[in-house]
Amino acid sequence: MDGKVKEQKRHQQKHSGPKAERKKLKKQEGSTEEDGRKRNPKAFSVQSAVRMAKTFHRSQDIKTKKHHIPHVDRTPLEPPPIVIVVVGPPKVGKSTLIRCLIKNFTRQKLGDICGPVTIVSGKKRRLTFMECNNDINTMIDLAKVADLVLMLIDASFGFEMETFEFLNICQVHGFPRIMGVLTHLDSFKNNKTLRKTKKNLKHRFWTEVYQGAKLFYLSGMVYGEYQIQEVKNLGRFISVMKFRPLVWQTSHPYVLVDRMEDLTDPERVRTDPKCDRTVSLYGYLRGTHLKNKGQVHIPGVGDFQVADVNFLPDPCALPEAQKKRALNEKERLLYAPMAGVGGVVYDKDAVYIDLPASHVNQQQVRPTTELVQSLIDTHATLDAKMAASKVSLFSGSATLDSTDVGEHKEGPREECVWDPNTQRKRRKVVFTEKEEEDVSGSSDDDEDGDVDSEDGDQEEQEEDEDEDNLSTFLKDARAESDETEKTVTDAPPAKKQKVEGGKKRGEESAEVPAFADSEDDLEMSEEESEEEGENVRAGDSGHCSEEDEEESGDDDDGEEEEDDKEESEDESMEEDDAAGATMKKQTASESEEEEEDCCSRHSALEFILLFPSTGGLRWKEGLQQKASEAFLRQQKAAPNLRKLVYGSVVEADDSDDEEQELGGLFRVSRPQNSKKSQANGVDSSRFDPDASHNWDLEEMLNSIRDCFVTGKWEEDQDAATLLKEDEELYGDFEDLETGKVHKGQTGDENDEDDADDDDNESLVKVDDDEVQKKKRLEKKQRLKERFNAEYDDEDATYFDDLKEEMQKQAELNRAEFADVDDETRVQYEGFRPGMYVRLEISSLPCEFVTNFDPHYPIILGGLGASEGNVGYLQMRLKKHRWYHRILKTRDPLILSLGWRRFQTIPLYHIEDHNGRHRLLKYTPQHMHCGASIWGPVTPQGTGFLAVQSVAGTKANFRIAATGVILDLDKSVTIVKKLKLIGYPYKIFKNTSFIKGMFNTVLEVAKFEGASVRTVSGVRGQIKKALSTPPGAYRATFEDRLLMSDVVFLRSWYPVSVPQLYNPVTSLLLPAGQKDSWAGMRTLGQLKHDLGIRNKPNTDSLYKPVVRAPRHFNRLHIPKELQKALPFKSKPKQQQPKGKTPRDLQRPSVIREPHEKKVAALLLALSTVHNHKRKKAHTAQHAKHKEFLQQKEKLEEAKLKRQKEARKKLYRIQGQVDQKKSRSSLKGAEEE
């Protein structure tokens, strides 16, 4: 049996059978909750309804706490770069961290961190890093635009005051995402100390930000950089972080400027260095849409009007949409113009390429680069160089300077003429008689409304005059050269002559584009000719071929032609303009040949210059006359379409040209006649051959196919559709009055055809019924699915519906302008966030440019419609709990409100229970109070912070107060308490006359009926003014006053808010002093700086209180009352006794000398006796005291003996009683 028990204890697992199979299935699938519910449903039933309700409520609370109010997602498809602000005290590692992050994302090293640095961090994200220096102005400005804040903390030192100041600034202006970064951890040698420090800093950081805020640890540095893996982890967190939209940022457009250009005319700056500057600022637009010509605020400078806004190509664009995991090297862009990174800079009308001196090969320098280098090195203006320059045209000839040229030159004159067609004043150029003869027969230039084109016309005319003057110089030079050739032998041309030949060639090439293909080419050629001339003067070697210059010129032409074409579409061309254009087209080929000849053959050019008698320049004579003759010949050869169409050309009536007069005084102007004459001009029926259409192409035919009757028209205009509607409208109908049925013609004609097609129609009807049935079923199925989707979703809540609605709105917003190009979108919705914009601002102070420091951020904050105004603001304010002083009313305070930082004078007040706003002298210690200021109008609910000074760093916490805007008007009247004091000068029973409170009868009349009271608490009321003295009045009181009483009146006096608005212009200060802005000083600071001590008010000093003794009248008790009093209270006993009569007075005794001696002896004996008695009494008292002590001892011994005797007696009695009890027990047992 024992063996069987042992066999049962050992467990043998079964490897086969149904039980083993169930175990295998259980291991594979695992025990699920549903199986448990099926197996034991009672165990999963509700045990406690209260506990289940608590659990449900807790889970719902946790779920609801995660909800935010959903906002419409207004971020564009290409959002602007995320602004990451790196904040921390000095020497904590801000610049090093930015360099490491840039190297992590772009594989590039950056030296000095100046201004915003924009990089591409991923396929859909760009980052802009900005370093925040230890200036409270910079901290305030960057907190308003930051999306993410990297807060660096020196772990070896702990938290510094700058960290807490920036956190409080962020709390006021909208809290961005904040990540802490601990540095200098390698200074800890003990791991236990390191862990403890990390824990303490983390919990303190959580207290300030929120529980669970991310805190990174940078353990140490390797070769001056943080460890690669730690920087990579930080970069990953930044790349995937999501951001909550902030109210102020999403409701205002703003630009963090990353580039600044001064557009002021250099000549104006040279003449007046203190003139206002015109500046263009560049940066990514953030926030909301920006309208052109709006108002912006630059923190640290002031409010300005935007002169112009343009969007530019993105200098740091996102990579194209491709399915790949990482970016290649070309897509890892870095854009930091203020730090000198990024060689290509895009502008509105130009592209700047930065070529450092180290990358330029001096042997293969092109003329354009040489020109740029020479312009950089220049120290004198072009006019000064031209005045000092001398030219020698031929070998051995005399040099010519600017004074010789001036003798033969006479410039054109200007005349202002009113143009009735364009309705504006135009600047007409008036030439000399000789020039008018040369120009006769030529066409006028295009009369568009641009001032630039008119200036270009003047330049062109000036060039013609230069050419005429040059021809006269050539004649003089030829005469001199003929004289010198007779004596001097022929010699090879010198190098100087070649340079002169290059100059001459440049002048000739300036004339060549006079027969260009278009007016745009002509304008460009004029600009090129001027640039080439300047190249030669600035030191260009001239070894560049003309073909290279033409290619560079053509590229520029292509860019400007696109802009010029849009302008030319809206302009009307007149007859003379058309003539000039045609002339240019005819002679274009000739001009090209001339250009090639002039550009390629240098030897021929030198020959012509040295031997001008060969007539190489005669082809220039009478060019405009030849061109006009060629144009007239072509016009005569061209067919006149008006004559072909109408048979004869209708001449304009003279009556139309004549102006109609009314009464001989007024003339009727008919502007349509001038338009008609323009429309019937020479070239109105012609079009350029280049603009003709090739009608053999199918696309051109399709473009006009709908212009004919057979085309596809709209439904209400298509002929086939209208015929079909008429057939349905006028088919079979029944006359309701007669009951007669009328058949349509189509039905009568097609009766036979209908009879033949009945069978086919029946088959078609069956098919149509099936199709209709299927359609109905599909429609029902779709309706059912929609119903199920709306009502069967158990998890859907109101929050989910709200989010879905916001998502639909965001999709609608994106789809509205999705297919519209940027130029059109900008006109409708403004410049959208994410665009790289260029803002031109005029009238900026010159200090903004001269004292520009890229380490300080420039922010352009867009202002709303009413935010540019200044008015009264009502605020709720609370002194910061860490600020060491309370704030005083009327002390100037610097506020950061909206985009602005300004100084103002606040008045603090508190609202009483009756709605009165009572002025406070100081802010309360731990509670809110109201404040009224004069400042810029800002939307309600906007937070603000206040500091007392922004100059330098203070030892204590700098943020003085925080608050919020409540109201924007002057509805609150602030009053302060005013006590008027008077004195009674005549007292009646309950009426008194009071003086000294008012000065005139009018003042008393204003306060009639007011309540007054005395210092002792007697209340009264003002009744009426008295005639004399002025200001006295009669008042009644509850009780009779005394002459010593003081009467006062409590009144409330309205206080006006001081109108001070002083913007903080810190960016205008010189470099190195931008953190030392000092505005209006307080009264205490002024007295301290000037060494003025307060003179105490004599009334406020403490003085000894001197009161005159008061004499009270004796108490008078009536006789009747005395009779009723008890005997002991009767006043008779209180009366003092009268004087003793003289007869009862004892007479004075005069002693004799003997009696005096006896009296003195008795006095001495009595004194001795008293002394002995007193001494004996003292001795007796001491002896009695000793006796009492002995007696007390004896008494204690007696009590002790008695106690021992009692104990002995009690012991004996106890023994006796014990014996008795024992004997009684023995007797009982025996019985």
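Buried means under 20% relative accessible area, exposed over 50%, and partly exposed in between, with a 1.4 Å probe and protein chains only. The model here is predicted, so local features need pLDDT of at least 70 and side-chain atom pairs count only at pLDDT 80 or more, while totals for chains, interfaces and linings use all residues. Residues are numbered from 1 along each chain as its sequence is written, and side-chain values use heavy atoms, with hydrogens and water left out.

**Exercise 1.** Work out where Glu770 sits and which surface patch it helps form.

Step one: find the element. Glu770 belongs to helix H31, residues 758-791 (helices are DSSP runs of H or I with at least four residues, strands are E runs with at least two, numbered from the N terminus).

Step two: check the cover. Glu770 has a relative accessible area of 48%, so it's partly exposed.

Step three: look for company. Asp767, Asp768 and Asp769 join Glu770 in a negative surface patch (patch residues have over 30% relative accessible area and no salt bridge, with like charges joined within 9 Å).

**Exercise 2.** Track down the backbone oddities at His184, Ser843 and Pro1029.

Step one: recall the usual picture. Most residues other than glycine have a negative phi, and most peptide bonds are trans.

Step two: try His184. Its phi is near 55°, and it lies in the loop between strand E5 (177-183) and helix H8 (191-208).

Step three: move to Ser843. Its phi is positive too, about 60°, but Ser843 is in strand E22 (residues 836-844).

Step four: finish with Pro1029. The Thr1028 to Pro1029 peptide bond is cis, omega near -15°.

How values were computed. Patch = residues over 30% accessible without salt bridge, like charges linked within 9 Å, V, L, I, M, F, W, Y side chains within 5 Å. Areas by Shrake-Rupley, 256 points an atom, 1.4 Å probe, with all protein chains shown as cover. Salt bridge = Lys/Arg side-chain N within 4 Å of Asp/Glu carboxyl O. Lys, Arg positive; Asp, Glu negative; His and termini not counted. Charge placed at Lys NZ, Arg CZ, Asp CG, Glu CD.
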